[in-house]
Amino acid sequence: MSATVVRLVNGGVSLVLTSRDHHLPVVSHWGTVLAPDDDLTDVLTPQFVSDQTERLIECSLVPEEARGWLGTPGLAGHRSGRSSTHAFTVTGVDADDHRATFHASDAGLDLTLTVGLTAEGVVELSAELTNTGDDPFTLDSLTPALRVPLRARELLDFTGRHLRERSPQRHPFAVGTVRRDSRRGRTGLQSTTLMIAGEPGFGFQEGRTWGLHVAWSGNHTHLAERAHGGEQILAGGECLLPGEVVLAPGESYRTPALLYSFGVGLDELSARYHAWLRRQHEARRPAGRRPRPITLNTWEAVYFAHDLDNLVELAEVAAKVGVERFVLDDGWFGSRRDDTAGLGDWEVSADVWPGGLEPLADAVRGLGMEFGLWVEPEMINLDSDLARAHPEWILGPPGRLPLRVRNQHVLNLAHPDAYAHIASRLSDLVARLGISYLKWDHNRDLIEAAGPQGERLVHAQTLAYYRLLDELHERFGDLEIESCASGGGRIDLGVLTRTDRVWASDCNDPLERQEIQRWTGLLLPPEFIGAHVGPARAHTTGRTHSLTFRAGTAVFGHFGIEWDLRSANAGQLERLTAWVARAKELRGLLATGRTVRTADRDGTRVHGVVGDDRAVFAVVQLASSPTYPTGPVTFPGLDPDARWRVTLDELTPAPDLVWAAEPRVLSGRALAEAGLAAPTLYPEHLAIIHLERSES
């Protein structure tokens, strides 16, 4: 038996791939770095046992039935019911220390597998399938996989809903399949975001973990599967609808990027994704990423009640508290006085804005702020001029419309004329109004997304959306775009290589946001997560919270405001001004540091961001504690041998603690192992603690 072994090492991670007898490669090791002379070719070969194929099962990067894998196939497809099984032969391998490409073929099909191990330790895996036959090949699925070791016996994934996105759920990694499909046409409020396998009881700091993210904004799948023989995989890809991809002779299909991360504890796994995304953005903006502007969005301040004088007054108050970007939300265009009409008519409403939006935009810029605008370009109301003129541009099966959601339907961006129309309208708005920021919304799932012949178009719609973003960035190099979709419904690393932040949720209640931001932050660094201070009484839950809790929660994301500041009193504005200043002080740290978290204990949570020379932590009391006073809390992630000066933020409560009376200096090891006596706080309150590297 001949074997080709490829060893990739980068970012503190090792990936060993073995191809036997020119078969597709299997994972021999993925995890901590091994010694260069460690040869795993034969030492992992199991004993032959009864009830087994004549050759040992090979679970490759594209698992094949022909090699004994009887779980979910890596490739499924056919030629009008024929040629539905495959046994690829590797015809060539190109590899260096960080990347490998395997070229393989089977009757009428060429397969290219590309595996990269980035400087951050993230595995980038993709597959490209080309039809080299003489007749069409219908592709049902192409879901590459990586094997994970048997010590990973527990799974973590996520679910969610509107206003409560990314709720964690754990499962045993037992024999069988845990499959999470999103067939919603966008990433989805219920999307798993990450599928993570780990050692039993793994947490933020402990236990080896292996995770997968599918970087795609349309239909997608994540699956964790364990066979009776002990092989187990994390696999994923695009979730193709029936007949959606049919490859004519010579045509190719490429999967979305599958991004895998390994870490000892969830924080290390998370840090690799954070560093990967930051590098993507630095590459897209070679001039460098500027500090994230403090943003005010008008939605919860005025909703659809647009009025120039009122909005200028709001902008004036916003500028006084330190806001740097003013974003006008829904209601500025066409007949859009509520959510029943106007989508698709991207012309400024002459009724509401008789002088156009230029007076507001000029006033905002005159106050020293940037001007941003809300749009929802992929959607259309039936009560709109565009729908009346071009009903054929609406996605839906022949002869009927799909179910409505939020009174709207989906515009077929795969239609060349519809695409050109929207691209022209957006470009005109950005150029004419000097818009620096688009809040790009997407407020419904794609139900029965089909073309005039009933052909399914989610794949084409997603590619058209990506192309539209790319064209806008090419034309307007400094334009920033937020990915918003009913709040957090389009959060993935496919869209975030083209946009600059996400709106994590339509819920600004800080108690809910503690959870939403915690788990969104497993994939995204804090500067990409829009987090706003709302009014005292949250519009979505009815809860009332202090400004300290609202702002102290928002300061750990891309800080903003969603509050009618004209209704705030002088004291509230003074405290908000101080919080805006604090957000500006911390945003450099948040955009470069490493996010760390501890497990909740007795209603208390600790999370923070650690840089080379400083760190900031929040001690959050989510609920009343059974211990009274609250027990000590620890601070992970600090250089253990460095000395750190500890101070309590003056904007948060000043508890009667000995260490809080004056700054203390402790080693990072002491802070991580012994910790500090925690402030005893009311439920739904927090304190912020600063640490600065000290020479004393």
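Where does His23 lie? His23 sits in the loop between strand S2 (13-20) and strand S3 (26-31), and the first view below starts there. Everything here comes from a predicted model, in which local features need pLDDT of at least 70, side-chain atom pairs count only at pLDDT 80 or more, and totals for chains, interfaces and linings use all residues. Residues are numbered from 1 along each chain as its sequence is written, and side-chain values use heavy atoms, with hydrogens and water left out. Helices (H or I, at least four residues) and strands (E, at least two) are DSSP runs, numbered from the N terminus.

**View 1. His23, a buried loop residue.** His23 has a relative accessible area of 8% and is buried. As for the cut-offs, buried means under 20% relative accessible area, exposed over 50%, and partly exposed in between (1.4 Å probe, protein chains only). Leaving aside residues up to four places away in sequence, His23 touches Arg55, Glu58, Arg67, Phe88 and Val90; contact here means heavy atoms within 4.5 Å.

**View 2. The buried side of helix H4.** In H4 (residues 358-366), the buried residues are Leu360, Ala361 and Val364. They span an arc of only 100° around the axis, so they end up on the same side of H4. (The arc is that of the directions from the helix axis to the C-beta atoms.) Their cover includes helix H3 (308-321), strand S22 (325-328), strand S23 (370-375) and helix H6 (416-433). Pick out Val364, which counts as buried at 0% relative accessibility. Beyond residues up to four places away in sequence, Val364 touches Ala315, Phe326, Met369, Glu370 and Phe371. The C-alpha atoms of Val364 and Arg325 are 8.4 Å apart, with their positions 39 residues apart along the chain. After H4 comes Gly368, with a positive phi near 90°.

**View 3. H3 against H4.** The two axes come within 10 Å and cross at roughly 15°, which makes H3 roughly parallel to H4. Axes are lines fitted to C-alpha atoms, for helices over the stretch in contact, and angles run from 0 to 180 degrees between N-to-C directions. Angles under 35 degrees count as roughly parallel, over 145 as roughly antiparallel, 65 to 115 as roughly perpendicular, and the rest as oblique. The crossing is right-handed; that is the label if the near helix is turned clockwise from the far one by less than a right angle, while anticlockwise gives left-handed. From H3, Leu308, Leu311, Val312 and Ala315 meet Pro359, Leu360, Ala363 and Val364 of H4. By class, that contact has eight nonpolar, no polar and no charged residues. (Ala, Val, Leu, Ile, Met, Phe, Trp, Tyr, Cys and Pro count as nonpolar, Asp, Glu, Lys and Arg as charged, and the others, Gly among them, as polar.) Asp309, also in H3, counts as exposed at 59% relative accessibility. Its C-alpha atom is 8.8 Å from that of Leu360, 51 residues apart along the chain.

**View 4. H6 packing on helix H7.** H6 and H7 (residues 458-475) pack at about 35°, with axes 11 Å apart, and H6 passes H7 in a right-handed crossing. Tyr419, Ile422, Ala423, Leu426 and Ser427 of H6 meet Ala464, Arg467, Leu468, Glu471, Leu472 and Arg475 of H7. Sorted by class, the contact has seven nonpolar, one polar and three charged residues.

**View 5. Helix H9, largely enclosed.** Seven of the eight residues of H9 are buried, so the rest of the structure largely encloses this helix. Those buried are Leu547, Phe549, Arg550, Ala551, Gly552, Thr553 and Ala554. Covering them are, among others, helix H8 (510-520), strand S29 (529-533), strand S30 (558-561) and H10. H9 (residues 547-554) and H10 (residues 570-590) pack at about 20°, with axes 11 Å apart. The contact involves Leu547, Thr548, Ala551 and Gly552 of H9 and Gln572, Arg575, Leu576 and Trp579 of H10.

**View 6. Backbone details at Pro629, Arg166 and Asn407.** Tyr628 and Pro629 are joined by a cis peptide bond, with omega about 5°. Arg166, in strand S12 (residues 164-172), has a positive phi of about 55° although it is not a glycine. Arg166 counts as buried at 4% relative accessibility. Asn407, another residue other than glycine, has a positive phi near 65°. Asn407 counts as partly exposed at 27% relative accessibility.
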